[in-house]
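Work through the exercises below with the sequence and the coordinates open. Try each task before reading its solution.

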Amino acid sequence: MRILITGADGQLGHELQLVLNKHRLVLGVWPEFDLLKDDAEQYVREADPDVIIHAAAYTNVERAEQEPDMAMAVNAEGTERVARAASKVGARLICLSTDYVFDGQKGTPYEETDKPNPLNAYGRSKLEGERRALASCSNTLIVRTAWLYGRYGNNFVKTIMQRAAEPSELRVVADQRGCPTHAGDLAAVLARVTEETDVRGVAHATGAGDCSWYEFACAIVSLMGASVAVSPITAGESGSAVRRPPYSVLANRVLARAGITMPHWKGALTRFVREVRSAVSVERS
Ligand SMILES: NC(=O)c1ccc[n+]([C@@H]2O[C@H](COP(=O)([O-])OP(=O)(O)OC[C@H]3O[C@@H](n4cnc5c(N)ncnc54)[C@H](OP(=O)(O)O)[C@@H]3O)[C@@H](O)[C@H]2O)c1
């Protein structure tokens, strides 16, 4: 298959390159591929892919509050450009989205059919991107994921691993629950979705199980064998001006029906911390 990966140099994009390496890959990387420009559509048409995995996005949740128009331009208008081109070349579009399309009031895991109601600018821009993708390309699958971490780029796990080595106490939000998701595991699932299914519509793909950011941080510190104190705080005490859903746990119902499941977040985290620590000890020796 000929597969275009947009955002190929991002956290997920890097992992996708590894798991899809037996295919002919086109790597859509800024600035040659720029979602803000009209010629993004031409870029996709010239790449002429069978499948597009659209992982490029404006992902800075905090900054999106200051520049909501930019977030909307990249995540909604840019996604629409990709979707229009996908439709023209007859490609399947697999488009990444987020748990932040929900308001977190449900209290039980969100299913693909639940009504979104985003609380922040990033969530609104991603939801608009979902709608435009589905409207512009009939062969679209929206894949909502959450709390991503992996080897590439900055993420919560890497931050806590660095901070665990410092003496000062860690204060971590305990009143938001979600599903930590290993980018490598998500990439592997996206490869199976690409190769084995023709699912369309919306699917959730997050690590199994759920936790609060505080529980997630405690698990990281414990796996590190570190002794730094971790204290729970409320979202209000965190100093973030961004409203986030208090409960954005997703149920991966659609993928389960296709026989595809994701590993539990605790096992994935254990693997990840081990890998990072052994890579560091190899570097040191
Ligand atoms: N990270 C999470 O916790 C999380 C949670 C839920 C959903 N998601 C979704 O999952 C997908 C992958 O996330 P990720 O963590 O891999 O994101 P990431 O590491 O931030 O990668 C996003 C990529 O998009 C590129 N990009 C940004 N603006 C662009 C533009 N105007 N034109 C072309 N490319 C542009 C970035 O390039 P530069 O680096 O050069 O800016 C980067 O390579 C995204 O759709 C995201 O919304 C992520």
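A crossing is right-handed if the near helix is turned clockwise from the far one by less than a right angle, and left-handed if anticlockwise. Keep in mind that the model is predicted.

**Exercise 1. The α2/α4 pair**

Task: Describe how the axes of α2 and α4 cross, and list the residues that meet.

Solution:
- Step 1. Two packed helices are described by the angle between their axes and the distance between the axes.
- Step 2. Locate the helices: α2 spans residues 39-47 and α4 spans residues 68-89. Their axes come within 8 Å and cross at roughly 35°.
- Step 3. Assign the hand. The crossing of α2 past α4 is right-handed.
- Step 4. List the contacts. α2 contributes A40, E41, V44 and R45. α4 answers with G78, R81, V82, R84, A85, A86, K88 and V89.
- Step 5. Sort these residues by class: six are nonpolar, one is polar and five are charged.

**Exercise 2. The two sides of α2**

Task: Which residues of α2 are buried, and what covers them?

Solution:
- Step 1. Pick out the buried residues of α2: A40, Y43 and V44.
- Step 2. Look down the axis of α2. The buried residues fall within an arc of 95°, so they line one face of the helix.
- Step 3. Turn to the face away from the buried side. Q42 and E46 sit there, exposed.
- Step 4. Find the cover. It includes β1 (2-6), β2 (24-28), β3 (51-54) and α4.
- Step 5. Check the residue after the helix. D48 follows α2, in the loop between α2 and β3. Its phi is positive, about 45°, although D48 is not a glycine.
- Step 6. Classify D48. It has 14 other C-beta atoms within 10 Å, so D48 is partly exposed.

**Exercise 3. From β3 to the loop before α2**

Task: Place I52 and L35, and decide for each: buried or exposed?

Solution:
- Step 1. I52 belongs to strand β3. The cut-off for buried is 20 or more other C-beta atoms within 10 Å. I52 has 28 such neighbours, so it counts as buried.
- Step 2. Compare sequence and space. I52 and I5 are 47 residues apart in the chain, yet their C-alpha atoms lie 6.0 Å apart.
- Step 3. Read the contacts of I52 beyond four places in sequence. They are L4, T6, V44, V82, A86, A91, L93 and I94.
- Step 4. Move to L35, in the loop between β2 and α2. L35 has 25 other C-beta atoms within 10 Å and is therefore buried.
- Step 5. Beyond four places in sequence, L35 touches A40, A56, V74, G78 and R81. The C-alpha atoms of L35 and A57 are 8.4 Å apart, with their positions 22 residues apart in sequence.
- Step 6. Inspect P31, also in the loop between β2 and α2. The peptide bond joining W30 and P31 is cis, with omega about 5°.

**Exercise 4. The shell around the ligand**

Task: Which element gives the largest share of the shell around the ligand?

Solution:
- Step 1. Start with the shell itself. It has 26 residues, and G7, G10, Q11, L12 and A57 come nearest.
- Step 2. Look for elements that give two or more residues. These are α1 (11-19), α4 and β4 (92-98).
- Step 3. Choose among them. α1 gives the largest share, three residues.
- Step 4. Break the shell down by class: 14 nonpolar, nine polar and three charged residues.

**Exercise 5. Later in the chain**

Task: Describe the surroundings of W147, α6 and P245.

Solution:
- Step 1. W147 lies in the loop between β5 (140-145) and β6 (148-149). Its phi is positive, about 40°, although W147 is not a glycine. With 24 other C-beta atoms within 10 Å, W147 is buried.
- Step 2. Helix α6 covers residues 156-163, and V157, I160 and M161 are buried in it. Seen down the axis of α6, these residues fall within an arc of 105°, so they line one face.
- Step 3. P245 sits in the loop between β12 (230-233) and α9 (253-257). P245 has 24 C-beta neighbours inside 10 Å, so it counts as buried.
- Step 4. Leaving out residues up to four places away in sequence, P245 touches Y100, F102, D103, G104 and L119. The C-alpha atoms of P245 and G10 are separated by 24 Å.

Note on methods: Residues numbered from 1 in each chain as written. Predicted model: local features only at pLDDT ≥ 70, side-chain atom pairs only at ≥ 80, totals over all residues. Axes fitted to C-alpha atoms, helices over the stretch in contact; angles between N-to-C directions. Helix = DSSP H or I, 4+ residues; strand = E, 2+ residues; numbered from the N terminus. Contact = placed C-beta atoms within 7 Å. Nonpolar A, V, L, I, M, F, W, Y, C, P; charged D, E, K, R; others polar. Buried ≥ 20, exposed ≤ 12 C-beta atoms within 10 Å, placed from the backbone. Arc of directions from axis to C-beta. Near = placed C-beta within 6 Å.
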